[in-house]
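Colleague: I'm new to reading protein models, and I'd love some help with this one. Could we go through it together, one question at a time?

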Amino acid sequence: MKDWLLELSLPVRPDWDSVELLRCASVQCLATVFRDRDYCDVLGMVAGELLENALKYGDWSGPGERRLLVRANGDRVEIMVRHPVAAPPVRLFALLEHLRAAPSPEAAYLDRMQRVALDPESTGGLGLARIASEARCTLEAAMLTDSVVQVAALHRPASLLVEPLLTQAP
Amino acid sequence: MEPLQHETLTIHIEHQPGALIARWKGKSASREPGKVLTPWFDQLLQEASDRGARLQMHFEALEHFNSSTIAALIQLMNRARHEGVALTLVYDAGQKWQSLSFDALQRAVRVFDSSGGPGVQFMTSERR
């Protein structure tokens, strides 16, 4: 088990206004660990995009865990959203596979932007491609139960030479 | 032309000789920002075209935008090119999130922009 400097667990409501509240909360809490405020803002973007996808594509009428989890230490940042779904999100899994298969996160992001340029309705996947390219995160998704999916964005701060304010878990 | 006020986003308009300046402030994080932004952008482009003015959009005071807003900006860039309106996007290179997003848009424009029209330009300024 990793020694996390930050472990944040917040409930997610199916209410669009809550996305910004949770995004800002993530930024503020990450700023207690990382001195670089710009870095925290970028990670906040990650939380925001994952939450927006959860609200757009989740089944909020169903039972199941609804939670934003943010964990961080000097080696690793994990931002995860768990939410109910009516069925396994095969389109999401296919999209993540497509992103992984792209020559680079930048190429995948550019591809998504081009699709949007050609068809304004085809915005699906742009947020995930943004997370992978702008925030340099690895994306994973898995069913936690029959009706709850977890979408996770994983980042290694050392890859950007971002040092934590703390070096030991409190 | 009236400023745009939508949820936590405000865009003010200034008229200068040969230019329409649109200054974004707040956050653009609504669920479908394009539904509000796109018709407003169309009005702005029409006014710029009627006046023979270039359109300059300033994002330095914007705190955050979501990927749905990025999609709306992509459509704006397309429309500006189609309408023959010179468009400049000005952002704060000192804010990392802006630098990352606008760098990506700039790369996208290089791929899209083959029409030979006025094109989209990007400029940076630093507020901090």
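Modeller: Happy to; what follows is a short chat about helix packing and the contact between chains in this predicted model.

Colleague: Let's start with helix α1 (residues 16-30) and helix α2 (residues 37-57) of chain A: roughly parallel or roughly antiparallel?

Modeller: The axes of these two helices lie 8 Å apart and make an angle of about 150 degrees. Angles over 145 degrees count as roughly antiparallel. Therefore α1(A) and α2(A) are roughly antiparallel.

Colleague: Which class of residue, nonpolar, polar or charged, has 11 members in the contact of α1(A) with α2(A)?

Modeller: Residues of α1(A) in this contact include A:Trp16, A:Val19 and A:Leu22, while those of α2(A) include A:Leu43, A:Met45 and A:Leu51. By class, 4 residues of the contact are polar, 5 are charged and 11 are nonpolar.

Colleague: Now helix α3 (residues 90-101) and α4(A): what do we call their arrangement?

Modeller: Their axes come within 9 Å and cross at roughly 125 degrees. An angle between 115 and 145 degrees falls outside the parallel, antiparallel and perpendicular ranges. So α3(A) is described, relative to α4(A), as oblique.

Colleague: Which residues of α4(A) touch α3(A)?

Modeller: From α3(A), the contact uses A:Leu95, A:His98 and A:Leu99. Their partners in α4(A) are A:Ala108, A:Asp111, A:Arg112 and A:Arg115.

Colleague: And α4(A) with α5(A): is the crossing left-handed or right-handed?

Modeller: Helix α4 (residues 105-118) and helix α5 (residues 126-134) of chain A have axes that come within 8 Å and cross at roughly 150 degrees. That angle makes the two helices roughly antiparallel. Among the residues that meet are A:Tyr109 and A:Met113 in α4(A), and A:Leu126 and A:Ala129 in α5(A). As for its hand, the crossing of α4(A) and α5(A) is left-handed.

Colleague: Let's turn to the two chains. How much area is buried between chain B and chain A?

Modeller: The contact takes 27 residues from chain B and 24 residues from chain A. Carbon and sulfur atoms give 58% of the buried area. The total buried between the chains is about 2200 Å².

Colleague: Which residues of chain B lose the most area to chain A?

Modeller: Three residues together account for 23% of what the chain B side buries. They are B:Arg31, B:His64 and B:Ser67.

Colleague: Last one: which side chains form the salt bridge across the interface?

Modeller: The rule finds 1 salt bridge between chain B and chain A. Its nitrogen and oxygen are 2.7 Å apart. The side chains are those of A:Glu20 and B:Lys27.

How values were computed: Residues numbered from 1 in each chain as written. Chains lettered and ligands numbered in written order. Predicted model: local features only at pLDDT ≥ 70, side-chain atom pairs only at ≥ 80, totals over all residues. Heavy atoms only, no water. Axes fitted to C-alpha atoms, helices over the stretch in contact; angles between N-to-C directions. Helix = DSSP H or I, 4+ residues; strand = E, 2+ residues; numbered from the N terminus. Parallel < 35°, antiparallel > 145°, perpendicular 65-115°, else oblique. Left-handed = near helix turned anticlockwise from the far one by under 90°. Contact = heavy atoms within 4.5 Å. Buried area = accessible area lost by both parts, 1.4 Å probe. Salt bridge = Lys/Arg side-chain N within 4 Å of Asp/Glu carboxyl O. Nonpolar A, V, L, I, M, F, W, Y, C, P; charged D, E, K, R; others polar.
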